[in-house]
Amino acid sequence: MELRVLKYFLMAAREENITKAANLLHITQPTLSRQLMQLEEELGVKLFHRGKYHIVLTDEGMLLRRRAQEILELAEKTKQEFSKDETELTGEIAIGCGETRNMTFLSKKMAEFRKLHPLVHYSIYSATADDIKERMEKGILDLALLMEPVDIGKYEFVRMPQKEEWGVLVRSDSPLAAQPSVSPKDLIGQPILNARREMVQNEVANWFGDSYDKIEIAGTYNLILNAANMVRNGVGVAMCFRMDNCYKNLSFVPLEPKLETGAVVVWKKNQAFSKTSSHFIQFMKHSF
C-alpha cells in the first residue's frame with residue numbers, strides 16, 4: 001500500500017467523483033480508476049459503491065479513510081522530524097488538548113518556547129482524553145493536556161497548577177442563573193447535558209449521590225461549544241468546567257458541594273521523540 005495511492009483514495013473519497021478527483025490530482029481518470037481498483041484487490045474489499053455520476057464509500061471504505069488519514073499524518077510528521085537543521089530546533093510539536101482553563105497556562109509555555117525557538121510550530125488536536133490517548137498510542141501526538149480522571153499509567157506527566165471547577169452552563173434567563181451555586185436537588189427536573197466520557201460520568205454521578213437516579217439526561221457531548229449551543233436553544237443545562245469564556249446569553253453557575261478536577265500534561269514513557277519534542281518536554285518539566 002503506497003502513500004501516493006492512499007492520497008489518491010482520500011481525494012476520490014472527498015470528491016465522490018472519479019473525474020473531479022483525477023483533475024485535482026493532475027492524472028487521467030483511467031489511471032485513478034485503475035489505482036483504486038488495484039487498492040481494492042490488494043485489500044480484498046470493495047471500497048466504493050459506484051454510481052453513474054458519483055461514488056460513495058462502503059463501510060470498509062470509511063474505515064480505510066480514517067486509517068489513511070492517520071497514516072499520512074504520521075508519515076508527514078516523520079518526514080518533518082528528519083528534515084531539520086541540526087543547529088536550530090525546527091519542525092512540529094503535536095499536542096492533544098481537552099477544553100480546560102489550564103490551556104491558558106500551556107499556551108503561555110508554548111509561546112515562551114517559541115520565542116527561544118522561532119522555527120518551531122505546533123499542531124493542536126482538540127478532543128476528549130480517550131480520543132487523544134488513542135492518537136498518542138499511534139504516535140500521531142507527542143504530548144497531551146488531559147483532564148482527570150484518566151488512566152496515566154503508560155505516561156510520564158507534569159501536573160498543571162490549576163484545578164478545574166465544575167458547574168452548570170444555563171441560559172441567562174433561567175432561574176438557576178440568579179443563584180450563587182446549584183445543588184443536586186436544584187437540578188432534579190432539569191434536562192441535563194453530561195460529558196460523554198464514562199469516567200467523567202461516574203464523577204458526576206458521585207457528586208449527585210442519591211439524587212442521580214432522579215435526574216434526566218437529555219444528551220451527552222464531548223466538547224463544550226456545541227453543548228453551549230444546545231443550552232442556548234433549550235435542550236438542557238450542561239455539566240461542564242468553568243471556562244471563563246463569554247457565551248452570549250449563557251451563565252456559568254458553580255456546583256455546591258464544590259467539585260474540582262485536576263489536569264496533567266503527559267507523554268509516553270520510553271518513547272523516542274524528535275529533538276524538538278524532547279526539548280519541549282524538558283522545557284515543560286523545568287517549568288514546574
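**View 1. Helix α6 rests across a set of strands in this predicted model.** Helix α6 takes in residues 129–137, and it lies across β3 (91–97), β4, β5 (143–147), β6 and β13. Its direction makes an angle of about 155 degrees with β5. Helix α9, residues 275–287, also lies across β3, β4, β5, β6 and β13. For α9, the angle to β3 is about 50 degrees.

**View 2. Here is the open sheet itself, made of five strands.** Reading across, the order goes β4-β3-β5-β13-β6, and the pairing is mixed. At the edges you'll find β4 (120–126) and β6 (155–159). Each of these has a single partner strand, so one side of each has no neighbour in the sheet. From one strand to the next, the twist averages 25 degrees.

**View 3. Zoom in on β6 and its partner β13.** Strand β13 covers residues 263–268 and pairs with β6 in the antiparallel sense, over five bridges. To pick out one spot along this pairing, look for F157, whose bridge partner in β13 is V266.

**View 4. F280 sits among the best-connected members of the largest nonpolar core.** This core has 40 residues, and L106, L187, M239 and F280 touch the most other members. Setting aside neighbours within four places in sequence, F280 is in contact with I93, I95, L106, K109, M110, F113, Y122 and L143. Apart from this core lies another one, of 21 residues, with M11, A13, A21 and F48 among them. As a bit of background, nonpolar side chains in soluble globular proteins tend to be buried together.

**View 5. Two cysteines, C97 and C240, stay unpaired by disulfides in a structure that holds zero of them.** The cysteine sulfur nearest to that of C97 belongs to C240, and it is 18 Å away. A disulfide would need the two sulfur atoms within 2.5 Å, so C97 is in no disulfide. C97 is buried, at 3% relative accessible area. C240 is buried too, with a value of 5%.

**View 6. The loop between β5 and β6 carries both P149 and D151.** The peptide bond from E148 to P149 is cis, with omega near 0 degrees. In the same loop, D151 counts as exposed, at 52% relative accessibility. Not counting residues up to four places away in sequence, D151 touches K133 and M199. You can also look from D151 to A129: they are 22 residues apart in sequence, and their C-alpha atoms are 9.5 Å apart in space.

**View 7. Another cis peptide bond joins E256 and P257.** Omega is about 10 degrees here. P257 is found in the loop between β11 (250–254) and β12 (260–261). For context, most peptide bonds are trans, and most residues other than glycine have a negative phi.

**View 8. N249 has a positive phi, though it isn't a glycine.** Its phi is near 65 degrees. Look for N249 in the loop between β10 (237–241) and β11.

**View 9. H26 also shows a positive phi in a residue other than glycine.** For H26, phi is near 60 degrees. H26 lies in the loop between α2 (18–25) and α3 (29–43), and it counts as exposed, at 72% relative accessibility. An unreviewed UniProt entry annotates residues 1–58 as "domain: HTH lysR-type". That span is 62% helix and 10% strand, and its end C-alpha atoms lie 19 Å apart.

Key: Residues are numbered from 1 along each chain as its sequence is written. This is a predicted model: local features need pLDDT of at least 70, side-chain atom pairs count only at pLDDT 80 or more; totals for chains, interfaces and linings use all residues. Side-chain values use heavy atoms; hydrogens and water are left out. A nonpolar core is a set of buried Ala, Val, Leu, Ile, Met, Phe, Trp, Tyr and Cys residues joined through side-chain atoms within 4.5 Å. Buried means under 20% relative accessible area, exposed over 50%, partly exposed in between (1.4 Å probe, protein chains only). Contact means heavy atoms within 4.5 Å. Two strands pair if DSSP finds at least two bridges between them. Helices (H or I, at least four residues) and strands (E, at least two) are DSSP runs, numbered from the N terminus. Axes are lines fitted to C-alpha atoms, for helices over the stretch in contact, and angles run from 0 to 180 degrees between N-to-C directions. UniProt positions are given in the numbering used here, feature names are shortened, and annotations may be inferred rather than shown by experiment.
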